[in-house]
Each structure stands twice: as structure tokens, then as C-alpha cells.
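User: I am new to this structure and would like a close look at one part of it. Please start from a single residue and work outward to what surrounds it and to the rest of the chain.

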Amino acid sequence: MAVHGDMLAGGPIDLVVRGAAVFTAVAGAPTLASGGIAVSDGRIVAVGTDAELAGLAARAGRVIDADGAILMPGLINAHCHAACTQHRGLVENLSLEPWLQAVWEVEQHYVTPETTYLGALIGLSELLLSGVTTVMDMFWLCEPTAEAAVDLGIRISTGSWFFDGPGMCGIRPEEWIGRAEAFFERYDGHELVIPGTFPHASYTVGPDNLKAAFALAERHDGRFSTHAAETRAEQRIITERYGASVIRHMERTGLLSERTVLAHCVHLDDGEIDLLAKSGTTVAHNPVSNLKLGSGVARIPDLVAAGVTVALGTDSCISGNDIDMWLSMRLAALLPKGVHEDPTLIRPAEVVAMATRNGAAALGLGDRLGTLEAGKIADFILVSSRAAHAVPIYDLATHLVYAAGKGDVTDVFVAGRQVVKDRRITTIDLAPRLDAMRELGAKIATRTPL
Ligand SMILES: [Zn+2]
């Protein structure tokens with residue numbers, strides 16, 4: 001059994017989960033047929049078989065018998081816009097550039113601090129219920145989104161958007177830096193909020209503001225994330241404007257680094273993949289959004305072969321239309337096989353790693369999140385195996401990627417706190433928020449002013 005510190009010597013044990021099929025997401029580690037974890041003060045203190053955990057269970061404050069469910073790390077969504085729920089299904093059948101114009105046209109009338117909080121609360125609830133315990137999220141207003149995350153008890157990496165044109169909510173381009181500074185100060189050292197800077201993209205933010213956003217992230221040791229190389233049109237625009245392709249332009253601007261997470265990276269040449277690999281930049285792969293907007297299919301096997309860390313995301317539910325990491329996992333596994341006519345590409349365990357420990361690495365938290373290991377933060381989920389599509393299970397990773405889904409997630413814990421119990425959120429009353437969103441949706445549908 002893997003244990004941490006002197007917990008076996010008699011320290012308090014808050015919780016033991018036992019009787020689970022344990023998938024630790026540790027590279028190369030075997031799965032446990034019937035085992036679990038022990039949790040103390042929000043940390044995992046032991047991972048082992050039921051027999052190994054028996055002594056800890058005997059003195060634990062709470063014992064959960066998992067009844068054969070799969071115990072695994074919480075999923076980490078490396079690219080999302082949770083507050084977009086209010087516009088789910090509103091703008092359809094367009095490619096990225098006209099789609100963005102249509103989305104912004106509506107957002108300028110309906111994005112307020114109040115609607116952002118409501119949208120984020122619902123979007124983040126959707127994520128929690130599907131087993132996501134950490135999300136990297138960007139939106140016009142990061143403050144209400146962070147407040148919704150704290151109220152729900154989900155871990156979030158977010159921070160100020162940057163945008164050179166007129167922003168939603170009347171935010172002027174010169175205001176972003178001050179907003180970003182204030183966000184870093186407000187959430188410095190926060191348990192659930194990991195601050196960063198989140199400029200929209202290099203086609204909407206000029207080099208000076210991109211550099212300013214990156215410098216802020218560096219100064220506060222935060223993350224830096226932006227959209228990049230999502231479409232062929234973006235590559236053409238940036239090449240015409242700056243005389244270099246998107247990733248080369250970012251490299252010249254000084255934005256590629258180990259703190260950088262680039263969403264999409266669909267259209268890359270070999271030289272750009274080398275630049276990402278050499279700089280330690282992470283790619284957040286969003287296969288659902290890339291397919292729905294007709295953007296293309298990212299070169300994930302080439303990125304992996306080059307040594308680039310690939311994490312997984314959902315993007316927003318306007319380009320989704322749900323925010324389902326299980327669908328992202330399945331498509332991440334299936335697309336390379338179909339596109340390259342090669343079923344050996346991208347193994348299930350690699351895909352689960354993208355959705356767990358690679359996501360933790362993207363956030364700079366690989367030593368604290370992303371796997372079930374003694375000493376790590378106790379972010380974990382239970383995935384039911386009492387279902388017609390879940391018997392038998394010969395290989396846990398194969399089952400998780402190709403057969404399991406968001407409806408199988410029954411219980412979710414963030415830092416040892418149970419935030420979903422028996423498929424229901426424990427931290428807020430979701431029902432009245434859903435009613436409020438239906439009312440908001442009715443106004444948006446008829447373009448009734450708020
Ligand atoms: Zn996005």
C-alpha cells in the first residue's frame with residue numbers, strides 16, 4: 001500500500017472508500033480489483049487493497065463501500081467557457097469566424113455579472129455532475145465565474161480575458177490589465193481558484209497586450225492560456241498581419257512556455273509542433289468543438305510523438321452543445337484511428353491521462369492533482385459499473401474511454417469534500433437556478449431586453 005506521512009501511526013482518518021475498482025491514472029501502475037483510498041484533511045493518505053485499508057477504515061470518520069464502482073481521479077477540463085450556457089444551441093451551423101460574430105452580437109446584450117454568475121453556476125454544475133473536479137475556464141467576466149466555482153466547490157483556473165476591441169459589458173481594452181491584477185490579488189493562495197491570464201487569441205489581441213498578459217502571468221507565477229491555430233482562416237489572417245504563422249508569431253512574441261496552455265492547435269506544420277515541444281507548451285485538445293465548427297482535426301498523434309503534453313477540453317456549450325469530457329475522451333481516442341486508418345494510434349490509457357494527469361500538468365499542479373497517490377489532494381470520483389454497458393470490464397481504461405459516460409458518475413469529491421452525492425449536487429440548490437436560466441433563455445430567444 002502507498003501511504004503518506006505517519007498516518008498509519010494513528011493520525012485522524014476522515015474517510016475511507018473501499019470496495020472499488022481503482023484506476024489511479026499513475027503511468028504504468030496496475031489497477032486494483034477491490035480497493036480504495038483513505039483521506040485525511042483533504043489529502044489522500046493511502047491507496048491500497050481493501051485488506052490493506054482495513055485498519056484505516058476501522059478508525060475512519062466515514063467509510064464508503066463503493067460496491068464495485070470505479071474509483072478514479074476527478075477529470076480535469078483544460079478548456080471551457082462555462083458561463084456560455086445561456087446561449088447553448090443559439091448559434092448553429094457556422095464556421096468559427098461568422099459563429100463568433102453571431103455569438104458576440106447576442107452576448108453584448110445579455111452578458112452581465114448576474115447572467116455570467118447564473119450561466120457559470122449551471123455550466124460548472126454540468127461539469128461537476130459529469131465528474132470534472134477542475135476546469136480551466138475563460139470568459140468576458142472571470143469574477144462571477146470564480147464566485148460560482150467557489151459556491152459550488154469546484155476547482156477552477158481562470159482570470160482576466162484580454163480583448164483589443166470593445167468588450168462585452170462595456171469593458172474597454174485598457175481596463176483588462178487592471179482587472180487581471182485585481183484578480184491575481186483577490187485569489188492569491190486560494191484553495192479552489194488558480195489565477196492566470198486568458199487573452200482571447202492572437203487575432204483579437206495585439207502583440208503588446210499579449211506580452212502584457214504573459215508578463216502578468218509570469219510575475220504572479222500563474223497560467224497563461226489562449227486560443228491558437230484553431231482554423232485555416234486564423235493561420236491566414238495572422239500570416240498576412242504579422243508575416244508569420246500563428247505559433248511562430250506567438251514564439252516571436254515570447255508567449256510559448258511551460259506556463260502556456262494553447263486551446264485547439266488544429267492547424268500546425270511540423271516546425272510549429274517542434275516549437276511547442278521545445279518550449280514545454282501544453283495543447284488543450286477540444287475535438288467536439290473542432291468537429292462542430294468544421295475547424296478540422298488536430299494532429300494529436302504527431303503532437304504526442306513530439307513530446308508535447310496534450311490535455312483535453314470541452315470548449316463552450318455553444319460550440320458543444322454540452323460540456324462532456326467523456327465525449328471528448330472518446331473522440332480523442334477515435335478520431336486519430338479513423339483519420340489515419342490506423343487502430344493502433346492513441347491507446348485508452350493515454351486518453352485518460354490527457355483528461356487527468358496531463359490536465360494537472362497543464363495547470364502546473366502535476367505534483368498535487370491528476371492521479372490517486374498518497375500525498376495528493378483528494379479530488380476523486382466514483383463511476384458506476386452497475387449498468388448494462390459496464391459488464392464485463394476486462395480493462396478499466398478501455399471501459400472508461402469507449403463505454404462509460406457522464407451518466408455513470410455518481411459521487412464527486414473535491415479536496416475530500418463531497419460535492420456530488422448519488423448524482424446530485426450537495427453544495428447548492430440547482431432547481432431554482434435552472435428555472436432562472438429557462439426564463440433568461442426565453443428573453444434571449446425573443447431578444448427581449450434584460
Ligand atoms: Zn474556447
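In which strand is the place of Ala284?

Analyst: The model is predicted, which applies to everything below. Ala284 is in strand E13, which covers residues 282-285. Its relative accessibility is 0%, so Ala284 counts as buried. In sequence, Ala284 is 57 residues away from His227, while the C-alpha atoms of the two are 9.2 Å apart in space.

His227 leads to the metal site. The zinc ion has four protein donors: His79 through NE2, His81 through NE2, His227 through NE2 and Asp315 through OD. These donors lie 2.1 to 2.2 Å from the zinc ion. Along the sequence, the spacing of the donor residues reads H-x1-H-x145-H-x87-D. The angles among the four donor atoms run from 86 to 167°, and the site is irregular. His81 sits in the loop between strand E7 (75-80) and helix H2 (96-110), and Asp315 sits in the loop between strand E14 (310-312) and helix H12 (325-340); the pair therefore ties together parts that are 234 residues apart in sequence. Both His81 and Asp315 are buried.

Each of these two loops has a further feature of its own. In the loop between E14 and H12 one also finds Asn321, and a cis peptide bond joins Gly320 to Asn321, with omega about 10°. In the loop between E7 and H2 there is Asn93. Asn93 is not a glycine, yet its phi is positive, at about 60°. With a relative accessible area of 76%, Asn93 is exposed.

The loop between E7 and H2 also takes part in a salt bridge. The side chains of Glu92 and Lys292 meet there, with 2.7 Å from N to O. Glu92 is in the loop between E7 and H2 and Lys292 is in helix H10, so this pair joins parts that are 200 residues apart in sequence. Glu92 is partly exposed, at a relative accessible area of 28%, and Lys292 is partly exposed as well, at 30%.

What lies around helix H10? Val297 is in the loop between helix H10 (287-292) and helix H11 (300-306). Val297 is partly exposed, with a relative accessible area of 32%. Together with Leu291 and Val339, Val297 makes a nonpolar surface patch of about 220 Å².

The structure holds 17 salt bridges, and a few others deserve a look. Side chains of opposite charge can pair when their charged atoms come close. Arg259 and Asp221 meet in a salt bridge, at 3.3 Å from N to O. This pair links distant parts of the chain, 38 residues apart: Arg259 is in the loop between helix H8 (246-252) and strand E12 (260-264), and Asp221 is in the loop between helix H6 (207-219) and strand E11 (223-228). The partners differ in exposure: Arg259 counts as buried at 16% relative accessibility, whereas Asp221 is exposed at 61%.

Another salt bridge is formed by Arg248 and Asp269, whose closest N and O atoms are 2.9 Å apart. Arg248 lies in helix H8 and Asp269 in the loop between E12 and helix H9 (270-279), so the pair ties together parts 21 residues apart in sequence. Arg248 counts as partly exposed at 26% relative accessibility, and Asp269 counts as partly exposed at 31%. In addition, Arg172, Glu174 and Glu175 are linked in a network of salt bridges.

Two backbone features remain, both in loops. The peptide bond from Val391 to Pro392 is cis, with omega near -15°; Pro392 is in the loop between strand E15 (380-383) and helix H15 (396-402). Ile346, although not a glycine, has a positive phi of about 55°. Ile346 is in the loop between H12 and helix H13 (348-354), and it is buried, with a relative accessible area of 5%.

For the wider setting, an unreviewed UniProt entry places the feature "domain: Amidohydrolase-related" at residues 70-419. Over residues 70-419 the chain is 41% helix and 18% strand, and the end C-alpha atoms are 17 Å apart.

Note on methods: Residues are numbered from 1 along each chain as its sequence is written. This is a predicted model: local features need pLDDT of at least 70, side-chain atom pairs count only at pLDDT 80 or more; totals for chains, interfaces and linings use all residues. Side-chain values use heavy atoms; hydrogens and water are left out. Donors are N, O and S atoms within 2.8 Å of the metal (3.2 Å for Na, K and Ca); water is not among the atoms, so sites may look incomplete. Four donors count as tetrahedral if all angles lie between 85 and 135 degrees; four count as square planar and six as octahedral if opposite donors are over 155 degrees apart and all others between 65 and 115; anything else is irregular. Helices (H or I, at least four residues) and strands (E, at least two) are DSSP runs, numbered from the N terminus. Buried means under 20% relative accessible area, exposed over 50%, partly exposed in between (1.4 Å probe, protein chains only). UniProt positions are given in the numbering used here, feature names are shortened, and annotations may be inferred rather than shown by experiment. Patches are made of residues with over 30% relative accessible area and no salt bridge: like charges are joined within 9 Å, nonpolar side chains (Val, Leu, Ile, Met, Phe, Trp, Tyr) within 5 Å. Accessible areas come from the Shrake-Rupley method with a 1.4 Å probe; for residues, only the protein chains shown count as cover. A salt bridge is a side-chain nitrogen of Lys or Arg within 4 Å of a carboxyl oxygen of Asp or Glu.
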